[in-house]
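Biologist: Please look closely at the inside of this model. Take me through the enclosed spaces, then the helix packing around them.

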Amino acid sequence: MSTLFDRLKDVASPPIGLGCMNLSHGYGSPVPESEAIRALDEAFDMGYRHFDTATLYGATANEKVVGQALADKRDQVMLASKCGMAIDPELGKRVIDGRPETLKRQCEASLKRLRTDHLDLYYLHRLDPRVPIEESVGALGRLVDEGKIGAIGLSEISAATLRRAVAERPIAAVQSEYSLWTRNPEIALIAACREAGTALVAFSPLGRGFLAGAVRDPERLEENDMRRGLPRFSAENLPRNLRQLEKLEALAEELGVTTGQLALAWLRAKGDDVIPIPGSRSIAHMRENLAAGTLDLDSATVARLDAMMTPDQVAGDRYSAEQQADVDTEEFEPQD
């Protein structure tokens, strides 16, 4: 079975991928389809080769857009999607379901939307607490055997869950939120990934836009922007976090780069097996993010960044209590 690293090498992927969610999901009104397709076309032309989507995003709309944009480029990209979490059309809300029959059905539907006969990487989007991880991973393994997926990934899981999964099937990648202000993978997950030869794919590497300086006032966000419900963006916590951002801005100015590029370069410095996948609705920002792949930081700069936005300095949890109940990741001990 080809590994994630093999596939990225096959398509000559730069060290930074593209998270496609932003175009259809989570950050206010979706981008019109024609504009989203144009943005993905531009992303390919500028050099992106690792594209990440999911059944959940835009209630399948994101997969459809990605499929349209990349159909004639399929052999030239590393295409990843996710299953096990979707918008139930009858209930109108997110449902986590890791049962084998659900994963198989969602995969077949994703292949149609993405206009392909196989996915290079297919993640279990969330651990279903009602289904042993071995059963979900076993189902994904059968999809590998059938040639429908090239490799198995997991998302928002703990080191302990990864070890159980690896005993069932090889796991090519774990997707976890990882950035200067979200360092939970450093508790135990990175070590477990390296034990297993598993890549860590860092989603929200720019702190949902915060590290790029994109969020100064939560009241300016659209009503349906998910950040309105995240504690770090609350009226109480955001001003405290913006004071921490000032330190990053000062260092970025000193180095002649943007804060977003500096945040991505810090992640790249954590190892070749840490792969950031920033998302953006802006073609200019996509280009800016991709350029961070050529920015190498010296050890002194990495140490300065390590000391910024540590868990004790960041105000607010990364998720609300309701959202946190859906993830399996390790959490830092609450600060006094």
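Modeller: Start with the largest cavity. Its lining has three nonpolar, no polar and four charged residues. Keep in mind that this is a predicted model. The lining residues are E177, W181, R208, L230, R232, F233 and R318. W181, L230 and F233 fall in the nonpolar class. E177, R208, R232 and R318 fall in the charged class. The volume of this largest cavity is about 40 Å³.

How many cavities reach 30 Å³ or more? The count is two. The second largest cavity holds about 30 Å³ of space. Around this second cavity sit V66, G67, L70, A71, R74, L79, L114 and R115. By class, that lining divides into five nonpolar, one polar and two charged residues. Helix α3, residues 61-70, supplies the largest share of the lining, with three residues.

Now follow α3 outward to its partner. Helix α2 covers residues 33-46, and its axis comes within 9 Å of the axis of α3. The two axes cross at roughly 50°. That angle makes α2 oblique to α3, because it lies neither under 35 degrees nor in the 65 to 115 range, nor over 145. The crossing of α2 past α3 is right-handed. On the α2 side, the contact uses E33, A36, I37, L40 and D41. On the α3 side, it uses V65, V66, Q68 and A69. The residues of this contact comprise six nonpolar, one polar and two charged. V66 therefore has two roles here: it meets α2, and it lines the second largest cavity.

A second helix pair can be read the same way. Helix α6 spans residues 159-168, and helix α7 spans residues 189-196. Their axes are 9 Å apart, and the packing angle is about 15°. α6 is therefore roughly parallel to α7, since angles under 35 degrees count as such. α6 passes α7 in a right-handed crossing. Which residues of α6 meet α7? They are A159, L162, R163 and V166. In α7, the residues met are L189, A192, C193, E195 and A196. The α6 with α7 contact has seven nonpolar residues, no polar ones and two charged ones. R163 and E195 make up the charged class in that list.

To recap, the α2 with α3 pair is oblique, and the α6 with α7 pair is roughly parallel.

Methods. Residues are numbered from 1 along each chain as its sequence is written. This is a predicted model: local features need pLDDT of at least 70, side-chain atom pairs count only at pLDDT 80 or more; totals for chains, interfaces and linings use all residues. Side-chain values use heavy atoms; hydrogens and water are left out. On a 1 Å grid over the protein atoms alone, a cavity is a set of points where a 1.4 Å probe fits but cannot get out, and a pocket is an open set with protein on both sides within 12 Å along at least five of seven lines; lining residues have an atom within 4 Å of a point. Grid points are joined across faces, edges and corners, and a volume is the space filled by probe spheres set on the points. Helices (H or I, at least four residues) and strands (E, at least two) are DSSP runs, numbered from the N terminus. Axes are lines fitted to C-alpha atoms, for helices over the stretch in contact, and angles run from 0 to 180 degrees between N-to-C directions. A crossing is left-handed if the near helix is turned anticlockwise from the far one by less than a right angle, and right-handed if clockwise. Contact means heavy atoms within 4.5 Å.
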